[in-house]
Amino acid sequence: MRRYSTSGWLAWAGATLVAAGIAGALGYSYFANRLAPIPQRPLRIGFEPNPPFQIRTENGVGGLAIETVNEAAKRAGVRLEWIETGTSSDEAFQKGLVDLWPLMSDLPERRKRVHFSRPWMINSHVLLLRANSATPKRNFVGHIAIFKVALHVRLLHGEFPQAQAVPYSDAREALQAVCRGSAYAAFLEKRVAMTALKEMPSECGSTAIRVQMLDDVVLKTCVAATFEAAGVADRLRSEIGGMYRDGTLAVIMAKYSFYGLDDTWNTYELMEAAECSKRLAWGVSALAFVLFVVVVLTVSRHRQKQAERVLRESEERFRAIFQQAGAGVAQISLEGKVELANDRYCEVVGHNREDLLGKGTLEITHAKDIREQLAMLPKLLSGEIASFSTDKRYT
């Protein structure tokens, strides 16, 4: 009778596991890189003004999405021709105006007519409200300003089915509507909202604005293409993945992100999750994946350190912009307490920052003005009124 030792079996199993992992990695690499040939003609790619993703500059077009895709195209040997279509991404594809779109939300109904690469960015959404305005409930029926994109109307009504969407051609116009009281809030993509706050419209004056996160409104966005140009979209996405790994993408994102490190790293986590699931689908074992991560981290460590330094500087720039803004800006919690306030806001209310932080807004409101404010809040919450303005004294 032939006997097998436990140590021998474990050695055989380990060798098999490693071999399977290597074979899976090689198989994935082979099939993942079998992309369609790149057309020799320039490919039309859509442009729509939407800071900070797509903006007009003195030299043409720029922005987070454009700079990223241009760098990916350069690496892939793809020639791009940016075209301002004057339409949404959906309509541009339907009319045959473009071959590609740099950043488009991947929705099930769109896949019937458009090819989507793997995601390369997460888009979260926020509400911009006056500092003394309560967060609207789901049954809110007032006016909410939005950037004029059909998808935004759909997303807004998913959160507030009875709200009246008021479209604007520019995020700053939507913010102005909030400042002057013609809209109760502005519903915007987070990066767009922070760009609008950075360039606070003069009409807002000393109006304090707060940001309310909408945790349920998060979209995965991709490079989109016609089915004929699907291979190019996938190749561009592959190059963007390489830009993530060597730190180039972090540097680009730091130029256009105004609110800290979390934004960039959340996007990176999405990209890594997509990469992992793809490799697992080809049978890459856990051991092979760990070895791959170790190698990647070792090679790119010094570049990631550089990227982290740039990101820290970006965060410091945003804090400086926040503090030096001409308008009073404060972040108020759901409990009505001041969490963050710039110098101008402190001047308006007549308190220093140390006294304000953690203090409720009612605590610094003159006693004779509290009753009017409390009387208006139930009407706002019920949707009876969309907004109100008042002369308010502080103590």
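**Exercise 1. Which residues have the most contacts inside the largest nonpolar core, and how many residues does this core have?**

Solution, step by step:

1. Keep in mind that you are working with a predicted model.
2. Count the members: the largest nonpolar core is made of 54 residues.
3. Pick out those with the most contacts inside this core: they are L100, W120, L128, L175 and L236.
4. Look for a further core: apart from the largest one lies another, with 21 residues, including A134, F140, I146 and L156.
5. Link this to a broader pattern: in soluble globular proteins, nonpolar side chains tend to be buried together.

**Exercise 2. Find out what L128 touches, leaving aside residues up to four places away in sequence.**

Solution, step by step:

1. Start with the neighbours numbered in the 170s and 180s: L128 touches L175, V178, Y184, A185, A186 and L188.
2. Carry on along the chain: L128 also touches A193, L197, I209, R210 and V211.
3. Now zoom out to the whole chain: among contacts between residues at least 6 apart in sequence, 67% join residues at least 24 apart.

**Exercise 3. Why can helix α5 be called largely enclosed by the rest of the structure?**

Solution, step by step:

1. Locate the helix: α5 covers residues 171-180.
2. List its buried residues, using the cut-off of under 20% relative accessible area: they are A171, A174, L175, Q176, A177, V178 and C179.
3. Draw the conclusion: seven of the 10 residues of α5 are buried, so the helix is largely enclosed by the rest of the structure.
4. Identify the cover: the buried residues of α5 are covered by elements including the strands β7 (121-130), β8 (143-147), β9 (164-168), β10 (185-189) and β11 (209-225), along with helix α6 (190-198).
5. Set this beside the whole chain, where 46% of the 395 residues count as buried.

**Exercise 4. Is T365 buried or exposed, and which residues does it touch?**

Solution, step by step:

1. Place the residue: T365 sits in the loop between α12 (353-356) and α13 (367-382).
2. Check its exposure: the relative accessible area of T365 is 4%, so this residue is buried.
3. List its contacts, not counting residues up to four places away in sequence: T365 touches I370, Q373, K392, R393, Y394 and T395.

**Exercise 5. Describe the largest cavity.**

Solution, step by step:

1. Count first: there are three cavities of 30 Å³ or more.
2. Give the volume: the largest cavity holds about 60 Å³ of space.
3. Name the lining: D369, E372, Q373, F388, T390, D391 and K392.
4. Sort that lining by class: one residue is nonpolar, two are polar and four are charged.

Methods. Residues are numbered from 1 along each chain as its sequence is written. This is a predicted model: local features need pLDDT of at least 70, side-chain atom pairs count only at pLDDT 80 or more; totals for chains, interfaces and linings use all residues. Side-chain values use heavy atoms; hydrogens and water are left out. Buried means under 20% relative accessible area, exposed over 50%, partly exposed in between (1.4 Å probe, protein chains only). Contact means heavy atoms within 4.5 Å. On a 1 Å grid over the protein atoms alone, a cavity is a set of points where a 1.4 Å probe fits but cannot get out, and a pocket is an open set with protein on both sides within 12 Å along at least five of seven lines; lining residues have an atom within 4 Å of a point. Grid points are joined across faces, edges and corners, and a volume is the space filled by probe spheres set on the points. Ala, Val, Leu, Ile, Met, Phe, Trp, Tyr, Cys and Pro count as nonpolar, Asp, Glu, Lys and Arg as charged, and the others, Gly among them, as polar. A nonpolar core is a set of buried Ala, Val, Leu, Ile, Met, Phe, Trp, Tyr and Cys residues joined through side-chain atoms within 4.5 Å. Helices (H or I, at least four residues) and strands (E, at least two) are DSSP runs, numbered from the N terminus.
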